[in-house]
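Good morning, and thank you for coming. I should like to take you through a few features of the structure now going up on the screen.

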Amino acid sequence: MKWAALLAILLCGCPDMGVPDNVVGVLGLWTDPNDLSAPRGALHKADNIVIQRPGVAETRRGFTTWATALGGAVNRLIDWKDTVLAHYGASTLAKIVGGVKTNLDTAITPPSGHRVRFQEMGGSLYMTTEAGVKKLDLVTSSAGAVLAGGPKAVGGYGSPTGSTGFLTALRSVAYRVVWTLRDGNDRFVTGAPSHRIVVRNEAVASSDAGQTSRAGTTVTVNTAAAHGLSNGDVVYVDSDDANFPAGNVTVTVTDPDTFTYTQAGSATSSTVAISFAYATRNASVTVPIPHLVSLKAGSYDYFAEVFRAEQTQDEDGVPSDELYKVYEYLPNAADRSAGSFTFTDTTPELALGEPLYTSPSQEGLEAANEPLPVAKDLAAFGRSMWYANTARVPRLLLQFNATPSVGTVYGLSASRLEADDFEMVIAGLTLTAAASENIPLTQFQVFTAGTASQNIENTARSFVKVLNANAVASGLLAQYVSGPDDSPGRVLIERNIDTELGVVFETESFQLVAVYGNGARVLSPVPPQFRQAVGASTTRVGSTVTVTTSDAHGYVVGQQVALVVDPGDADPNFPAGLKTIATTPSSTTFTYTEAGNAATLANDFHYFRDTHLGGIAETEVRKNGWYYSKSDEPESVPLENAFFPGNPDKQLLRSVRLGTSLFGFKEGKGEGLWRATGTGPENFDVNQVDPTCELIGPDTVAELDGTLFALTRKGVVRVTESGLVVDSKVEPTLGLVLTDLLTLFAAALSEVKSYAHAVAYETEGLYVLWLPTAAGVTTAGQAYVYSVKAKAWTKWTRAAHSALIHPTEDKLYLGLSNGNVSQERKARAASDHQDESGAAIAVDMEWAPFTGGTPGALKHWREVAFQLQDATGLTGFNATFATEVSTSQETQAVTVEAADGPVRVGIPEDKLRSSRLTVGLERSVAQEKVSVAGFTVLFNGPTSQRVTK
Amino acid sequence: MPDFTTTALLASIRRRASAPNASRLGTSSDVLLAMATEELWGEVSALLRGLRAGFFRTDYSVALASGTSEYPVPPRAIAGAVGDVLVVGADGKERSLDEVDPSQLPELDSTPGRPWAYYFQDDAVVVFPEPSGSGETLKLPYFRRCGALVEASTGSSGKVGVIASLNAGAKTVTLTAAQPTGFTTAQRYDFIGHTPGFKTLGMDLVVTNVDVSTPAAPVFTFQADLPAALAAGNYLCLAQESPVPQVPPEFHQILAQATAVKCLSGPLGDRQALAEAKDELKRLKAELLPPVEPRNEGEPEVLVNPYFFGGE
């Protein structure tokens, strides 16, 4: 029987057999319980060994340099499509083939405080970045990663066109546009639809009462303005006059203001005004091209799809949101340069195509594939992609309650206004209300001709149109979101994730302010209202400052206002700050009290604003956000597909699938472990399974032996598929290094959180947990290794910034902080046992003190014999000894003659007598493998009884 | 040259008793040397004196002073005993004084003159009658106690100095290393020979100056002339100390074994090893005593009581 087997049986297996009191096996690191409770075989030091066979310690395998100088610390290694990928430095993702790197993307910046996480699904590789989730489709791609998720359609508008078509007079249709990406794996990723673009075949001309008359069968119409018709046009007569009945007629144009048509009847003139519309027309629709599409279209296949509703049944009807495909378009370079394309919809209703996915009969608008949340973690589970620790883009929903007066100016600031901001902040886009729309001048049109509702809708739509025309400059996009059943005037402004401007969404915000006019009063929420001071009419006399504003200020006595100035135009006689209104002599003047020089304001660049701060849009940070995609559509994540487990202030650090469960590890006491179950979005459910399982190292979770291993406040735990957390109370061997871990937590917790990582080496049965060594370090310099076969811990004294088990090679790869990547030596020969450049692997073992069963009594140690097993090639080692009597370690060099069997070693003189004998073994020679099953001790004693002659 | 110093002695003791150098066990070097000193002064000295071969024998002479009848026994005399009380006359002839009982003194003529008798009083020899003249010398043969064993270490943390060179005219010796801490003019010093015999070449010497201008080679200036036999390699020790057991080398192992026995019975308390060590001590004595007795192989053999030591 081999020594190891014998010792294993002696030490672990056979309670009836008893263990000879001089046999010491190898049970692995045992740093937690006290030495008296440690069984024989417990090790205080187990450096650079593995215990895969119970009871046998062997030199770990070494590594050889595989790739060098990538250009920064290797933060992550991934295997994707049989290729090793490395994320290194600040933001670069590269593939490594044959040890040679090729950069794939240099803008993969990790989310703040986290490493980039990767997840493959549907053939694509998804990754978390500071700017949002990105993806790669092909490892051979040179186009880099692209923001995952379909581009959100931006606005759009339309109008009837031509003199014939599908759209009946005085009927309306609605459109929505979606953009779809056909990715490198031939998957179609569709974004959220645009707002509704409503086109109505409106009347093109009208005649006042008495201006339409019949002579014989000829009806002559004198229009109030140029009618624009042509001979032969078929026109619908919208008439309430029985003498000129409604219906379609063919017109003959007499002059720009006159046309005739044939209709029998009495010779008479109209008694009411009559309108005329084309009997049918087509629709012209202009579709803005999202910036992302323009940016990436050369490398990615983006195309637009336009969907249309059936036309309304009557002239007062509102088009439904049941939309069908009428058009598909791949924008060309000219379109992309222009920022939009326009097409004429001629599709008859009978030829309407497939329905839009957000139609009520389909998934509904609430299932719109909004831009993916920015996430710090992601995982595939239940045919869905799950995004954790999320942030959604800043959104501001405005309601126009009335139309602003012409001349009103709105400002959209790229950062939020703080209460103590007294500098001019309107550095972003300004939009001016005007009598007509002028996109280059960023003027939107204030409509006044229609009903109040129509005016509000049209004005809001113009506002949206002008804003979207400047989407790239502002980084914002707007949608007119009032639906068929909503009040008009609702506008949603959100941060345009398409711009890929490297935005850190966690700190992202923007704000709407009213710079001039009555802009604030017509909106809800009410934004801060600025009033410009007229320089020449703003003076100080005594301690009274009289301010004249360029329009009605609306202030009341006692109100606080903030004087803000452009720093370049500051007037020292009128310092910025909060002022209290003292009097309001007129609608455009007010006073406040402030000592100073008698003076007149030097210029007009001084503004007063309300002190309230409405109209702010901030990123919706949901640290506990757990969004999930539609089935088999990892990039389609409606806003409602989410769970928000536990405390919203505590991050959901990590999501990892195990069998039929997805586990979410949250930070914070009482948050612990959550479990998602289900087979799809229709039945996903989330429950807390263990509030005490507080994850410490987000990157330490790894699946091994059918369980998840993780580093928590309680040390290393295992989580079963059912959610049972197996800690050291249940599986004591897990806690054998707990003292080491808790000591490290106390000294360097932030470093542990940042740099701890782990891999599961399934074929070797090892959980390899890399940890930093001390406070202040910036990498993991050591690894604690747990063998599930031997239920034993060992320690590797070598650094790794990241690690990967290559699934096909079944080798361990290490990413190093110096930018190199090392590959495990696995020839299963002596040559395995050396590190990079042939460096020796320093095996250092030290057993817990041997007491001979009487820890308090003095013994006379006579001899130690190490028991080797399969130590082929081992030529020698150093045996070390220490006692509580002589604490310094002494070394005895030992020559090995045979690979198996005992090797006797004399004990140094100073270690011959003690109560406890500490034995160790050291070897640091390349290409030699220590393989030891323990040692035996010959001793006399206890000898401490006093002797008398 | 073999190592005869306490370094070798300690190693031997540790081997024999498996005694670590550990203060927690009471087996540190200073403790073992203290134990060895006890064995040296006790068992080994007695063994050697029992051989009646002149080991440790020394003469002490002091001039008789008119009016002074009390003369201290040499402080290094074993058991404070002297072998005889002699007076050497001015003509060089010795006469042995008779020991009298002090209670008889009133009956004797106490007129000062030439002493003819003596008695012991405390640690002194009192001659009778009180000397009245000068020119005579009191001679006290005695067995000198060996120096207490100290580590044979040199330098500032050492216990002894090793003479590198000497200057008889200047009465100076230069050491091979820095002087041990405490080696000042306030101390008295011995010179110990470093070769077998390990003779005490000088005793209780007064140092008038220690020149440390070259710290690694301090120069000691002595009040008295340097001993004629003093040579480089000899040891400079504090008075009554020695880095070598001042017994024949063959007795070093007996000393080591006796100390090991003491160690095993005392600090280590190893009953099994103690029995083995005692047997070994007995064996050593049996093996070693015949070769050293008699010292003069031409002399008749003296019967040695094997139970003189050991108490068995």
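How do the residues of the lining of the second largest cavity divide into nonpolar, polar and charged? Before I answer, please keep in mind that this is a predicted model. The search of the whole structure turned up five cavities of 30 Å³ or more, and the second largest of them holds about 50 Å³ of space. Its lining includes a run in chain A from Glu370(A) through Pro371(A), Leu372(A) and Pro373(A) to Val374(A). Ala391(A), Arg392(A), Val393(A) and Arg395(A) line the cavity as well, and so does Leu639(A). By class, seven of the lining residues are nonpolar, three are charged and none is polar.

Let me turn to the helices of chain B. Two packed helices are described by the angle between their axes and the distance between the axes, and I shall give both values for each pair.

The first pair on my list is α1(B), residues 6-17, with α3(B), residues 250-265. Their axes come within 8 Å and cross at roughly 50 degrees, so α1(B) and α3(B) are oblique to each other. The crossing of α1(B) past α3(B) is right-handed. From α1(B), the contact draws on Leu9(B), Ser12(B), Ile13(B), Arg16(B) and Ala17(B). Their partners in α3(B) include His252(B), Leu255(B), Thr259(B) and Cys263(B). In this contact eight residues are nonpolar, five are polar and one is charged.

Now α1(B) against α2(B), the latter being residues 29-50. Is this pair roughly parallel or roughly perpendicular? The axes come within 10 Å and cross at roughly 95 degrees; α1(B) and α2(B) are therefore roughly perpendicular to each other. On the α1(B) side, the contact is made by Thr6(B), Leu9(B), Leu10(B), Ile13(B) and Arg14(B). On the α2(B) side, Ser29(B), Leu32(B), Leu33(B) and Ala36(B) take part. The classes here are six nonpolar, two polar and one charged.

The remaining pair I wish to show is α2(B) with α3(B). These helices pack at an angle of about 125 degrees, and their axes are 9 Å apart. The pair is therefore oblique, and α2(B) passes α3(B) in a right-handed crossing. Among the α2(B) residues in the contact are Leu32(B), Met35(B), Ala36(B), Leu40(B), Val44(B) and Leu47(B). Those from α3(B) include Phe251(B), Ile254(B), Leu255(B), Ala258(B) and Lys262(B). This contact has 12 nonpolar residues, one polar and four charged.

Finally, some points of backbone geometry. Most residues other than glycine have a negative phi, and most peptide bonds are trans. Where does this model depart from that pattern? In chain A, the peptide bond between Ser524(A) and Pro525(A) is cis, with omega about 0 degrees. Pro525(A) sits in the loop between β40 (523-524) and β41 (530-532). In chain B, Phe128(B) and Pro129(B) are joined by a cis peptide bond, with omega about -10 degrees. Pro129(B) belongs to the loop between β7 (124-128) and β8 (137-143). As for phi, Asp186(A) is not a glycine, yet its phi is positive, at about 60 degrees. Asp186(A) is located in the loop between β17 (172-182) and β18 (188-190) of chain A.

Thank you. I am glad to go back to any of these views.

Methods:
Residues are numbered from 1 along each chain as its sequence is written. Chains are lettered from A and ligands numbered from 1 in the order in which they are written. This is a predicted model: local features need pLDDT of at least 70, side-chain atom pairs count only at pLDDT 80 or more; totals for chains, interfaces and linings use all residues. Side-chain values use heavy atoms; hydrogens and water are left out. On a 1 Å grid over the protein atoms alone, a cavity is a set of points where a 1.4 Å probe fits but cannot get out, and a pocket is an open set with protein on both sides within 12 Å along at least five of seven lines; lining residues have an atom within 4 Å of a point. Grid points are joined across faces, edges and corners, and a volume is the space filled by probe spheres set on the points. Ala, Val, Leu, Ile, Met, Phe, Trp, Tyr, Cys and Pro count as nonpolar, Asp, Glu, Lys and Arg as charged, and the others, Gly among them, as polar. Axes are lines fitted to C-alpha atoms, for helices over the stretch in contact, and angles run from 0 to 180 degrees between N-to-C directions. Helices (H or I, at least four residues) and strands (E, at least two) are DSSP runs, numbered from the N terminus. Angles under 35 degrees count as roughly parallel, over 145 as roughly antiparallel, 65 to 115 as roughly perpendicular and the rest as oblique. A crossing is left-handed if the near helix is turned anticlockwise from the far one by less than a right angle, and right-handed if clockwise. Contact means heavy atoms within 4.5 Å.
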